Amino acid sequence: MYVLSILFTSLCMILSNFSNISEAKTFSFKETTIDDIQIDFKQNKLTSRQLVEFYLSEIQKANPILKRIIEVNPDAFFVADKADQERKSGALLSSRLHGIPVLVKDNIATKDKLNTTAGSLALVGSIVPLDAGVVKKLRNAGAITLGKATMTEWAASRSSKMPNGWNGRLGQALKSLCSNADPSGSSTGSATSVAANLAAVALGTETAGSILYPAYANSVVGIKPTVGLTSRAGVIPISHRQDTVGPICRTVSDAVEVLDAIVGFDRDDFPATKKASTYIPHGGYRQFLKADGLKDKRLGISKDLFGSNDIKTYQQHFNTLRQKGAVLVDNLEIANIDLVRDALVVAQRIALSAESKMNLNAYLKKLVYTRVRSLADVIAFNKVSASEKVEEYGQDIMEAAEKTNGIGKLEREALRNITKACKYGFEKMMKEKALDALMSPGADIADLLAIGGYPGINVPAGYDKSGVPFRISFGGLKGSEPTLIEIAYGFEQATHIRKSPPSHPCWDYISDSI
């Protein structure tokens with residue numbers, strides 16, 4: 001409650017500076033895209049200040065119940081006014097993200113007045129040495145950091161019993177309006193906020209499904225980039241082998257705009273970003289937003305991912321893909337599936353446990369100020385903090401990680417098995433069948449992509465009778481983002497399935513509660 005009090009005291013102070021949003025009443029804020037915003041910027045029908053006003057107003061109304069944003073940036077208006085002045089002066093703008101409000105996940109460092117805590121009370125008040133690499137790129141692009149999105153605490157690396165979207169700082173995030181449905185995680189707030197029009201675009205992070213799963217659960221678009229394509233410097237880590245940062249947005253085109261802004265070499269994440277920078281196409285990724293992007297693409301349908309019921313559910317989409325020129329290669333089996341399953345279930349757990357301890361300890365030691373300098377310190381803090389609810393949720397994942405001692409014989413064997421599973425499983429099938437992408441229902445492909453550092457994109461694919469969204473995911477080999485973007489955009493343009501969220505029936509209650 002203390003954190004909520006601080007958040008909304010800040011919001012009220014910020015909102016007291018509002019100009020008249022009605023000046024932009026001809027602009028449709030909800031479901032707006034970067035294209036829409038930039039057009040109205042150029043026509044002087046909209047300002048960045050008005051955008052920030054709108055989103056902060058929506059956050060003030062919704063967040064006490066929905067709990068999607070941990071903190072808002074008290075300097076958001078200052079940065080918005082600066083962006084407006086730059087446009088007014090005719091300055092050469094560096095990016096189409098200029099003047100656009102962006103939410104970042106709470107494990108991505110910002111060297112400003114915002115905390116970076118991974119949802120943990122243990123890191124409240126800690127001081128980071130620098131902006132995260134991706135935040136530097138956002139600032140260079142002229143984007144506005146709107147605030148920090150909530151997340152599953154420690155990116156779900158604390159406890160196997162912790163619900164998706166829960167953390168000690170804010171409590172339980174809700175999926176849709178006042179729904180009790182699982183919002184998924186760990187990039188919970190990034191996905192739920194974008195879905196509810198509380199931000200234009202957002203950044204999430206993924207180690208094993210934390211972008212693809214919440215994007216799937218909230219009917220938005222998630223891009224999980226090839227590991228190293230985006231810098232992980234300044235991101236509270238789990239595994240440098242699997243961690244990646246990517247966009248969560250309402251449309252493929254918006255996600256691609258954000259991706260273009262955040263990819264590239266970072267000396268603070270060397271050599272991963274140097275190696276992956278060779279994948280970045282000249283001219284960026286926006287050129288691959290092609291309405292006919294499905295033409296001649298070979299898309300795999302594996303029996304290991306699509307069950308018989310899934311085949312029936314997605315049959316209409318399969319027909320659409322064929323009608324748009326895609327070649328569907330079905331009845332596939334992932335090669336050496338037993339080796340792959342062992343890597344996903346056993347080897348990944350062993351490797352991540354050791355990696356998370358080493359990487360987190362290294363991150364904490366670099367902080368300018370913090371109450372905790374090691375994983376052991378975090379575990380001890382949780383035990384004495386009632387708000388962390390250790391008795392209810394535990395911290396078994398952290399405790400198991402603390403027992404590890406670097407990369408030993410067991411871990412080296414696990415890493416070898418992961419390498420073998422990738423080479424002789426997913427990669428073997430993709431190459432032998434000459435596939436452009438492997439499809440999956442929902443985000444079921446996420447773990448397979450995670451262990452090899454492969455990219456993936458998911459796109460809304462429909463809603464069940466209860467209004468619960470389902471999606472389709474496309475995964476490919478390292479550096480295949482251009483092809484995946486063509487496929488995802490082609491599918492999105494052929495279907496236009498995403499629905500704007502309904503009005504907020506609980507907002508009368510919310511207003512009465514503030």
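# Bridges, buried residues and hollow spaces

Me: What makes the contact between D268 and K136 a salt bridge?

Reply: The side chains of D268 and K136 come to 3.5 Å, N to O, and the term asks for a side-chain nitrogen of Lys or Arg within 4 Å of a carboxyl oxygen of Asp or Glu, so this pair meets the rule. The pair ties together parts that are 132 residues apart in sequence, since D268 lies in the loop between helix 8 (252–262) and helix 9 (272–276), whereas K136 is in helix 5; helices (H or I, at least four residues) and strands (E, at least two) are DSSP runs, numbered from the N terminus. This is a predicted model in which local features need pLDDT of at least 70 and side-chain atom pairs count only at pLDDT 80 or more, while totals for chains, interfaces and linings use all residues. Residues are numbered from 1 along each chain as its sequence is written, and side-chain values use heavy atoms, with hydrogens and water left out.

Me: Why are D268 and K136 called partly exposed?

Reply: A residue is buried under 20% relative accessible area, exposed over 50%, and partly exposed in between (1.4 Å probe, protein chains only). The relative accessible area is 45% for D268 and 29% for K136, so both belong in the middle class.

Me: How do you know that K113 and D75 form a salt bridge, and which parts of the chain does the pair link?

Reply: The closest N and O atoms of K113 and D75 are 3.2 Å apart, which satisfies the rule. The pair links distant parts of the chain, 38 residues apart, with K113 in the loop between strand 2 (101–105) and helix 5 (133–141), and D75 in the loop between strand 1 (69–72) and helix 4 (76–88). The two ends fall into separate classes, because K113 has 56% relative accessibility and is exposed, while D75 has 22% and is partly exposed.

Me: Where do K428 and E432 lie, and what makes them a salt bridge?

Reply: Both lie in helix 16 (residues 409–432), four residues apart, about one turn of the helix. An α-helix has 3.6 residues a turn, so residues three or four places apart point the same way. The side chains of K428 and E432 meet at 2.7 Å, N to O, so they fulfil the rule for a salt bridge. K428 counts as partly exposed at 30% relative accessibility, and E432 as exposed at 55%. By this rule the structure has 28 salt bridges, and D35, R96, E257 and R286 are linked in a network of them.

Me: How many disulfides does the structure hold?

Reply: The count is zero, with a disulfide taken as a pair of cysteine sulfur atoms within 2.5 Å. Among the cysteines, C249 has a relative accessible area of 0% and C422 one of 7%, so both count as buried.

Me: What makes helix 18 largely enclosed by the rest of the structure?

Reply: Eleven of the 15 residues of helix 18 are buried, so the helix is largely enclosed; the buried residues include E481, L484, I487 and F491. Helix 18 (residues 481–495) reaches 21 Å from its first C-alpha to its last, close to the expected 21 Å, where the expected span is 1.5 Å times one less than the number of residues. After helix 18 comes H496, with a positive phi near 45°.

Me: How many cavities of 30 Å³ or more are there, and what makes a space a cavity rather than a pocket?

Reply: There are two such cavities. On a 1 Å grid over the protein atoms alone, a cavity is a set of points where a 1.4 Å probe fits but cannot get out, whereas a pocket is an open set with protein on both sides within 12 Å along at least five of seven lines, and lining residues have an atom within 4 Å of a point. The largest cavity has a volume of about 110 Å³, and of its 13 lining residues, W154, S157, P237, I238 and L360 are the closest to its centre. The second largest cavity has about 70 Å³.

Me: Which element gives the largest share of the lining of the largest pocket?

Reply: Helix 16 does, with six residues. The largest pocket holds about 880 Å³ of space and is lined by 42 residues, among which R232, H240, R241, D269 and A272 lie nearest its centre. In the second largest pocket, of about 750 Å³, the largest share is nine residues, from helix 12.

Key:
Points joined across faces, edges and corners; volume = space filled by probe spheres on them.
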